[in-house]
Amino acid sequence: MFSTETSCWFIRKVICWRATASIAWSVLLLPPTTAVFVVLSRFSLFHPFQTISECLSLLMSASSIFSFILLGGVIIMAGFLTLEYYTVIPTIACSKIALLGQLLHPRQFINSLAHCLMGIIVGWCCAVTIGYRYEMLGYPCQNSDGYVSMCVNEYHLIVLLAGAFVGFSHSLLGVIHNINYVSFQTVQQYKYFRFKGSLPLVVTCSKICGHFTCFVICIYLFYGHRIHSKNMDLSIHPLDSIAGLLDLSLLFHLWISATFLLFMWYITLLLFRIFVTEAYSFPVQPSFTEDSHQCLPKVLTDKHPMILKFLALQDLALLSQHSPSRRSEVFSLSQPGGHPHNWNAISKECLGLLADLTHRLVAYHETVATNGRAKSLSNGSERKTSSETSSAEDLMSPRPAFLMKTPVSVFTRSVGGSSQSPLTVPFTPDLDSPFASPALRRLTAPVEQGSPWHGTVQSPHIMRRAPKLWSTSTGSSVKSHSSCAVSIVFNIRLKCLIQVKSFLAKRVLIVYLFNKLPEASSQALFADSQAHIWALEGLSYLVQASFTEDHFGVVQTTLPSILSSMLLLQEAVDRHFKLPHASSKPVRSTGSIGDSAYKTLRFALRATLKTAIYRITTTFGDHLNAVEMSAEHRKRLQQFLENKE
């Protein structure tokens, strides 16, 4: 309930207003953008003054005003979709089949359909604005029978199809290139300067992606005859022919229309990124009790929405560097009581983030070390204790794949003491398996020395009654038989799955779809590392400032935990970068509006982690020798103290 209250407050008062402001600025930029489009689409080199006068009269006409209204609605719809689909943690597909699943998701289908509809609307506005032969979808013509009827204007039609295709391709490329991913700037800038610096990239990406209309022409060349009307004007060349499509004027108008459409969407997306990622200052201590859920220590503990947590961590990193007054509130004690609640909450959350990343890195490294095989399960009680109390130790221990093991002697005492018992070598169940029969476990259990059945029993009467003595009731016998049946069915299913897997592994297409993409697993592992970077910066700067500003010594109580967490993470990161593809830097993509900052987050995290440890060791120096830690951590810390790391 508390988390829901905070999320509603933040979405209502911050995110929605920022998204509204970005959409408003996009609508305000629409008239000058449309004016540039009108001039470029109707410009004539031999009649420049006549072109300018025609453009001015067109911009003042009723059709242009109606087009402005439609284009404004398209921008509002695009802004709403951006608000709905944006994310601060990118979705990275580790294989081709995973990427295909994202593209075929029903939510993505709705997004693609909406972009196709918006593309058709903008295409219609562009056709009406250009005028001439593009203005009307139908016009009166004379058919082969000599009668006057309505014919389809293919020039208008292909502009509409180009708008739909550009909208559909924009939606699909948004999934492939993570266009909806919103990253945070390392250096804080004013919104105007961020917009000014990103505007050339938007123009370049719009011009490059505008060439997608060439695919529309190629598709129409082969399939245009299927959408022809029966009433066609035979006096002109159809556009599904080579002569009809080799029209430079048509190619230019299609390209500039697609560029105009993409420029509007990219501007809306750029302004949304700028406004949403603007730094937000959370109060460290509440002025009133009812505002306590808006304070930084409380907000840091919330998981949803993620933009709230990211902005809180960004604010923590900024206040730890540039705000001594707010740092003093972090180091302050509660009244009454004298407890450092603010520091405890902040440090606990940051250390939890570092421990979570360390846990994931260790688990990933163990999975790679065992070549992706599943780890074996222990007994029921041990599994329960491991999952509840010591998950880290369970991850550190390798788990081999499920194997049918054959011990030297299955039963320590065979029936009747004979070594030729039928229950020996041919029948070798895995007694440690969770699917082993309870009756077999009772059968192989050692007999207590106080029992009358200890040792070798020679009486044939006792041997004949042995099965009744080992089964306490008829119900338990039925239960043991059902367990054996379940185990047999499971083994059959396991063999079938292995055979199907070996059959599919020989198919080239299946291997191509299911093979892991290089670097994708490493990128997915560090997809949310921006939060860990801010946590490291916030902790290290606060610890550095505590050397002179912490008058109550609240930081010194958690300094061993902070150093241990950083050193553990440093060790895990170093082990990860020794894996294949982990240390290779990705190629920077050009010509795409998608933000690829997530591809280099692991390098930024490694540099930030090393800088954070050096920041603490440089400030405290030899005083760190008095901090309690393990011998291994002390040896690693000594490398930083001697500047050898």
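Which ring does the charged end of Arg-606 sit over? That ring belongs to Phe-577, and its centre is 4.0 Å from the charged end of Arg-606. Keep in mind that this is a predicted model. Here are my notes, point by point.

1. **The overall picture.** The chain has 26 helices and two strands. Of its 645 residues, 42% are buried. Looking at contacts with a separation of 6 or more, 76% are between residues 24 or more positions apart. The chain exposes about 35,700 Å², and carbon and sulfur atoms supply 64% of that area.

2. **Arg-107 and its two partners.** Have a look at Arg-107, which turns up twice in my notes. Its side chain forms a salt bridge with Glu-84, with the closest N and O atoms 3.7 Å apart. This pair links distant parts of the chain: Glu-84 is in helix H4 (residues 62–85) and Arg-107 is in helix H6 (residues 106–130), 23 residues apart. Arg-107 also lies over the face of Tyr-85, at 4.3 Å from the ring centre. Neither end of the salt bridge is shut away: Glu-84 is partly exposed at 43% relative accessibility, and Arg-107 is partly exposed at 40%.

3. **Arg-360, a residue with two salt bridges.** The structure holds twelve salt bridges. In one of them, Asp-356 pairs with Arg-360, the closest N and O atoms being 3.5 Å apart. Those two residues are about one helical turn apart, because they sit four residues from each other in helix H15. Arg-360 also meets Asp-528 in a salt bridge, at 3.0 Å from N to O. Here the pair links distant parts of the chain, with Arg-360 in helix H15 and Asp-528 in the loop between helix H22 (520–525) and H23, 168 residues apart. As for cover, Asp-528 is buried at 17% relative accessibility, while Asp-356 is partly exposed at 35% and Arg-360 is partly exposed at 23%.

4. **A salt-bridge network.** Lys-303, Lys-309 and Glu-349 are joined into one network by salt bridges that share partners. As a general reminder, side chains of opposite charge can pair when their charged atoms come close.

5. **Aromatic pairs.** There are 19 aromatic pairs in the structure. One of them is Phe-165 with Phe-215, a tilted pair with 6.4 Å between centres and 40° between the planes. Phe-165 lies in helix H7 (residues 154–176) and Phe-215 in helix H9 (residues 213–223), so this pair ties together parts that are 50 residues apart in sequence. Both rings' residues are partly exposed, Phe-165 at 24% relative accessibility and Phe-215 at 49%.

6. **An edge-to-face pair.** Phe-547 and Phe-620 also form an aromatic pair, this one edge-to-face, at 5.2 Å centre to centre and 80° between the planes. Phe-547 is in helix H23 (residues 529–549) and Phe-620 is in helix H25 (residues 601–620), so the pair ties together parts that are 73 residues apart in sequence. Phe-620 is buried at 7% relative accessibility, whereas Phe-547 is partly exposed at 40%.

7. **Around Phe-10 and Ile-307.** Ring pairs link Trp-9, Phe-10, Tyr-280 and Phe-282 into a cluster. Phe-10 is also in contact with Ile-307, whose other contacts beyond four places in sequence include Ile-15, Tyr-86, Val-88, Phe-184 and Val-276. Ile-307 is found in helix H13 (residues 306–322) and is buried, at 2% relative accessibility. Although 297 residues separate Ile-307 and Phe-10 along the chain, their C-alpha atoms are 9.5 Å apart.

8. **Ala-21 and Val-276.** Val-276 comes up again with Ala-21: the two are 255 residues apart in sequence and 9.8 Å apart in space, C-alpha to C-alpha. Ala-21 is in helix H1 (residues 2–28) and is partly exposed, with a relative accessible area of 25%.

9. **Two loop residues.** Is Leu-45 buried or exposed? Leu-45 is exposed, with a relative accessible area of 67%, and its place is in the loop between helix H2 (30–42) and helix H3 (48–59). Together with Val-39, Phe-43 and Phe-46, Leu-45 forms a nonpolar patch on the surface, with about 480 Å² of accessible area. Ser-334 also lies in a loop, between helix H14 (324–331) and helix H15 (341–369), but Ser-334 is buried at 18% relative accessibility. Outside its neighbours within four places in sequence, Ser-334 is in contact with His-339 and His-341.

Conventions: Residues are numbered from 1 along each chain as its sequence is written. This is a predicted model: local features need pLDDT of at least 70, side-chain atom pairs count only at pLDDT 80 or more; totals for chains, interfaces and linings use all residues. Side-chain values use heavy atoms; hydrogens and water are left out. Rings of Phe, Tyr and Trp (its six-membered ring) pair if their centres lie within 6.5 Å; planes under 30 degrees apart count as stacked, over 60 as edge-to-face and the rest as tilted. Buried means under 20% relative accessible area, exposed over 50%, partly exposed in between (1.4 Å probe, protein chains only). A charge sits over a ring if NZ of Lys or CZ of Arg is within 6 Å of the ring centre and within 35 degrees of the ring normal. Contact means heavy atoms within 4.5 Å. Accessible areas come from the Shrake-Rupley method with a 1.4 Å probe; for residues, only the protein chains shown count as cover. Patches are made of residues with over 30% relative accessible area and no salt bridge: like charges are joined within 9 Å, nonpolar side chains (Val, Leu, Ile, Met, Phe, Trp, Tyr) within 5 Å. A salt bridge is a side-chain nitrogen of Lys or Arg within 4 Å of a carboxyl oxygen of Asp or Glu.
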